[in-house]
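Let's take a walk through this one together, a piece at a time. Keep the viewer open so you can follow along as the elements come up.

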Amino acid sequence: MILRSAILFPGQGSQFEGMLDSLPNEPCVKYMLEQSSDILQQTISALHSKEALSTTKAVQQCLLIASVATYKIFEKEELIPSFVAGHSVGAFGAATAAGVLTFEEALRLVTLRGELMEQTCSEGFGMGVVLGMNEHDLIEISEKFFHEHEPVYVSNRNAPYQITISGSLKGLEKVIRYASAHGAKSAKLLNVSTPSHCPLFQNVSNHLLDALNKVDLKRPKIPIASNLNARLLKTAEAIKQDLATSICHPVRWHDATSVLYENGTRLFIEMPPGDVLTKLATSAFQNARSMSVSKNGIEDCLFLLQN
């Protein structure tokens, strides 16, 4: 088997105040930060402040900027991975790395995505995470407590026993209490104010698709693992549909990275910020090497991808 590599782009939850100041000190990174400031007409210090990161829009902007700016170092060294994948909003970073979108196109789309998410469900909604319970059992519990005025859905499948739920806070709290009393190792609310990856965001998906239809998406230079159906995407049309529709469907992250592993990936490298996806890959694929730029440093990650 040919040993392959994959670069991973993180989603919401990895952000922290001042995160853009922690990126590798490289000219190409500095240039990307300046370009971001020009596009958004905002200073970088304002973009990743504590106050700004209380909004979904700024969080998603910063995640895209941090991950793509760091990926530019790999491009500069001509170190191109076999595959790319992005969790949730990270998919826009993956699409940029694959040449499907320009950075400016991706940043404007992510800005729109964040604004639409905030406008659609502004209060009384969120997400939770349940550990130690399988998907089938959690779906049954969510259906048990589902109500039209207090909807709750099983959303992201990050690992076989790490699954998120999305919906109304009242519905989430009922599911969390029940799951905690019936076998879950842990169940808690996340610090997220929007119910991502569930049917409540169908309207967001529709608007995103309209916006994507106005962009000249290019054929990917690198296959992208789909959030939606865990397949390798190799056409602009397939990637457009994945970017637009995944916001109202669960992210099947474990399945997506499993497809990468089955296709020979033995090195996973996560772009900043954080190492959430690195930990998931380490747990799932013990015969693979999993690293993050944030924790392991840019030099070690460049070295491994080169050798």
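**Starting from a hairpin**

Strands E4 and E5 run antiparallel and are joined by 5 bridges. Keep in mind as you rotate things that this is a predicted model. The link from E4 to E5 is a hairpin, made through 2 residues. If you'd like one pair to zoom in on, go to valine 154, whose bridge partner in E5 is isoleucine 165. How enclosed is E4? Of its 8 residues, 7 are buried, so the rest of the structure largely encloses this strand.

Now widen the view to the sheet that this hairpin belongs to. It is an open sheet of 4 strands, ordered E4-E5-E3-E6, with antiparallel pairing. The edges are taken by strand E4 (152-159) and strand E6 (186-189); each has a single partner strand, so one side of each has no neighbour in the sheet. Ignoring direction, neighbouring strands here are turned by 20° against each other on average. On a general note, strands in a sheet pair through backbone hydrogen bonds, and they can do that either parallel or antiparallel.

E5 also pairs with strand E3 (residues 125-131): the two run antiparallel, with 7 bridges between them. One of the pairs to look for is phenylalanine 125 with its bridge partner in E5, serine 168.

While you're on E5, which spans residues 162-168, stop at serine 166. Is serine 166 buried or exposed? Its relative accessible area is 0%, so serine 166 is buried. Its side chain makes a polar contact, at 2.9 Å, with the side chain of serine 155. Leaving out neighbours within four places in sequence, serine 166 touches a list of residues that includes Gly126, Met127, Tyr153, Leu172, Pro195 and Cys198.

**Over to helix H1**

Next stop is helix H1, which covers residues 27-40. Its 14 residues reach 20 Å from first C-alpha to last, close to the 20 Å expected at 1.5 Å a residue. The buried residues in H1 are Cys28, Val29, Met32, Leu33, Ser36, Ile39 and Leu40. Why do they end up on the same side of H1? Because they cover an arc of only 140° around the axis. That buried set packs against three other helices: H2 (44-47), H3 (56-76) and H5 (103-120). Flip to the face turned away from the buried side and you'll find the exposed residues Pro27, Lys30, Tyr31 and Asp38.

Both flanks of H1 are worth a glance. Before the helix, in the loop between E1 and H1, sits glutamate 26. At 21% relative accessibility, glutamate 26 counts as partly exposed. Setting aside neighbours within four places in sequence, its contacts are Ile73 and Lys76. For a sense of scale, glutamate 26 and isoleucine 176 are 150 residues apart in sequence, and their C-alpha atoms are 44 Å apart in space. Just after H1, glutamine 41 takes a positive phi of about 55°.

Since H3 has already come up as a packing partner of H1, have a look at threonine 56, which lies in H3. With 3% relative accessibility, threonine 56 counts as buried. Beyond neighbours within four places in sequence, threonine 56 is in contact with Gln12, Gly114, Met117, Glu118, Ser193 and Thr194. Along the chain, threonine 56 and valine 175 are 119 residues apart, and 24 Å separates their C-alpha atoms.

**The other sheet**

To finish, find the open sheet of 6 strands, which runs in the order E8-E7-E2-E1-E9-E10 and has mixed pairing. Its edge strands are E8 (232-233) and E10 (289-292), each of which pairs on one side only. At the E8 end, E7 (residues 224-225) and E8 pair in the antiparallel sense over 2 bridges. In that pairing, isoleucine 224 has leucine 233 of E8 as its bridge partner.

Which helix packs on this sheet? That is H10 (residues 253-262), which touches E1 (4-9), E2 (83-86), E7, E8 and E9 (265-270). The direction of H10 makes about 130° with that of E9.

Note on methods. Residues are numbered from 1 along each chain as its sequence is written. This is a predicted model: local features need pLDDT of at least 70, side-chain atom pairs count only at pLDDT 80 or more; totals for chains, interfaces and linings use all residues. Side-chain values use heavy atoms; hydrogens and water are left out. The expected span of a helix is 1.5 Å times one less than its number of residues. Buried means under 20% relative accessible area, exposed over 50%, partly exposed in between (1.4 Å probe, protein chains only). The arc is that of the directions from the helix axis to the C-beta atoms. Contact means heavy atoms within 4.5 Å. A polar contact is a pair of N or O atoms within 3.5 Å; within protein, one must be able to donate a hydrogen and the other to accept it, and residues adjacent in sequence count only if both atoms are side-chain atoms. Two strands pair if DSSP finds at least two bridges between them. Axes are lines fitted to C-alpha atoms, for helices over the stretch in contact, and angles run from 0 to 180 degrees between N-to-C directions.
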